[in-house]
Amino acid sequence: MVLALLVATPLRAQTGSASDVMARAERAYRDLEFDVAASTLRRVLAPPLAAELDDSARARALAYLGAAEHYRGQSDSAIAVFRRLVELAPEAQPDTLVFPPEVTDLYHTVRRSMTVVAVRPRPDTVPARTPPPPPPPPPPPPPVATAPVQARRPAQAEAGAPVSVTVTVAGLITNVRTGSIAATAAGFESSVQFRRVALAVRYAEGGHDLVEGSVALRFMPTSWFSLQAGPHARHYTTLSGPERLVTWRLGGRGDFALVGSSVRGHAMLWRALALAVNVPPGSGSGSATGGEVGVTLDLGPRPVWFALAYGIDQAQVKAASWRANVNTLTLTAGIRRR
């Protein structure tokens, strides 16, 4: 018995308990590392760790796994996981304080598509006599002494679950209309995301000397909402001369599912913290606001996506007659790599 405990102790230190692995999976989900969360949750739902879970913990793990598969773009896997959740606990559902509406709506859609039948015995029937339980299995053989397994340091990452960095590169065509010009520009945008933080860069140029560029630092407290801040510059030439507008923007963006996990929509609002124009009285003397709505098509397991967005910007300078209303329509096609 003492030898068995000596062998089992380092093995347990190496793998961790089901509750420890589940906590790591939830932490990875909150950090938007959905690949890590999915692989860790599948591990906790498989033997031998699954034997340590009761039905409520297993239902919680399935809810997190379904949400992680949804955000990985694996809609078929997410539906299959939610089917398992309905079969395990028909009355359970993902916590609305943890999961956004697109996840809970997908779960309810799966649940409505299934028929849960509860079979009850008739009151006038006598239950059949159940056979006696089988005899207990024979005791296991005594453990064989083996070399101790070296315990892994807690700081070491899960095997096969590296920290994910998402890189996005895309080309874009945008049509810009103001009160004085209408121009089309072509360019690119790129972003790098690590956990909850991302850095995005965008640049385009076209007719009427149109040049537009921006840099944004984004923070994602949840998987469906992000905050972003950074500079945006636009320059173009009108009949009365060149106009240049630079704004330091602070805004928020919400993302939501439209059709499963492949078609998503977004809405964004922003306000300028500072403004600089090349007309008197110059910098810091006006205000600017704007917004954008759009839709994104994700091509399933392929890393290719397409997006169409419509934006409106409004800026004005105090103590001057200068005012700009800009409408943009942007088509983007890109690839995403983790």
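## A ten-strand barrel and its salt bridges

Val-211 lies in strand 4. In this predicted model, that valine serves as a convenient point of entry, first to the surface and then to the barrel. Is Val-211 buried, partly exposed or exposed? Its relative accessibility is 32%, so Val-211 counts as partly exposed, because that class covers the range between the buried limit of 20% and the exposed limit of 50%.

Val-211 also belongs to a nonpolar patch on the surface, together with Phe-188, Val-197, Leu-199, Val-201, Tyr-203, Val-215, Leu-217, Phe-219 and Leu-227. The accessible area of these residues together is about 790 Å². Two elements, strand 3 (197-206) and strand 4 (210-219), each contribute at least two residues to the patch. For the protein chain as a whole, the accessible surface comes to about 19,900 Å², and 62% of that area belongs to carbon and sulfur atoms.

From the surface, the description turns to the overall architecture. The protein chain contains 6 helices and 10 strands, and 36% of its 338 residues count as buried. A closed barrel of 10 strands runs in the order 1-2-3-4-5-6-7-8-9-10, with antiparallel pairing. From one strand to the next, the twist averages 20°. Among contacts in the protein chain with a separation of 6 or more, 52% are between residues 24 or more positions apart.

Individual strand pairs show how the barrel is put together. Strand 5 (residues 225-238) and strand 6 (residues 241-259) run antiparallel and are joined by 14 bridges; within strand 6, Arg-249 is the residue that stands opposite Gly-230. Strand 9 may be followed on both of its sides. Towards strand 8 (residues 286-298), 13 bridges join the two antiparallel strands, and Leu-297 has Phe-306 of strand 9 as its bridge partner. Towards strand 10 (residues 323-337), the pairing is again antiparallel, with 13 bridges. Here the bridge partner of Val-304 is Ile-335 in strand 10.

Which residues of strand 9 point to the buried face? They are Trp-305, Ala-307, Ala-309, Gly-311, Asp-313, Ala-315 and Val-317. Val-304, Phe-306, Leu-308, Tyr-310, Ile-312, Gln-314 and Gln-316 point to the other face and are not buried. In a regular strand the side chains alternate between the two faces of the sheet.

Asp-313, one of the buried residues of strand 9, leads to the salt bridges. Side chains of opposite charge can pair when their charged atoms come close. Asp-313 forms a salt bridge with Arg-234, and their closest N and O atoms are 3.1 Å apart. This pair links distant parts of the chain, since Arg-234 is in strand 5 and Asp-313 in strand 9 (residues 304-317), 79 residues apart. Both partners count as buried: Arg-234 has a relative accessibility of 3%, and Asp-313 has a relative accessible area of 10%.

The count of salt bridges comes to 15. One of them joins the side chains of Glu-33 and Arg-195, at 2.7 Å from N to O. Glu-33 lies in the loop between helix 2 (18-30) and helix 3 (34-44), and Arg-195 lies in the loop between strand 2 (182-194) and strand 3, so this salt bridge ties together parts that are 162 residues apart in sequence. The two partners fall into separate accessibility classes: Glu-33 is buried, with a relative accessible area of 5%, whereas Arg-195 is partly exposed, with a relative accessible area of 35%.

Another salt bridge connects the side chains of Glu-102 and Arg-264, at 2.6 Å from N to O. This pair links helix 6 (residues 101-113), which holds Glu-102, with strand 7 (residues 263-277), which holds Arg-264, and the two residues are 162 residues apart. Glu-102 and Arg-264 are both buried. In addition, salt bridges that share partners join Asp-35, Arg-42, Glu-69 and Arg-72 into one network.

The path ends among the helices, at helix 3. Its buried residues include Phe-34, Val-36, Ala-37, Ala-38, Thr-40, Leu-41 and Val-44. What covers these buried residues of helix 3? The cover includes helix 2 and helix 4 (55-71). An α-helix has 3.6 residues a turn, so residues three or four places apart point the same way.

Conventions
Residues are numbered from 1 along each chain as its sequence is written. This is a predicted model: local features need pLDDT of at least 70, side-chain atom pairs count only at pLDDT 80 or more; totals for chains, interfaces and linings use all residues. Side-chain values use heavy atoms; hydrogens and water are left out. Patches are made of residues with over 30% relative accessible area and no salt bridge: like charges are joined within 9 Å, nonpolar side chains (Val, Leu, Ile, Met, Phe, Trp, Tyr) within 5 Å. Accessible areas come from the Shrake-Rupley method with a 1.4 Å probe; for residues, only the protein chains shown count as cover. A salt bridge is a side-chain nitrogen of Lys or Arg within 4 Å of a carboxyl oxygen of Asp or Glu. Helices (H or I, at least four residues) and strands (E, at least two) are DSSP runs, numbered from the N terminus. Buried means under 20% relative accessible area, exposed over 50%, partly exposed in between (1.4 Å probe, protein chains only). Two strands pair if DSSP finds at least two bridges between them. Axes are lines fitted to C-alpha atoms, for helices over the stretch in contact, and angles run from 0 to 180 degrees between N-to-C directions. Contact means heavy atoms within 4.5 Å.
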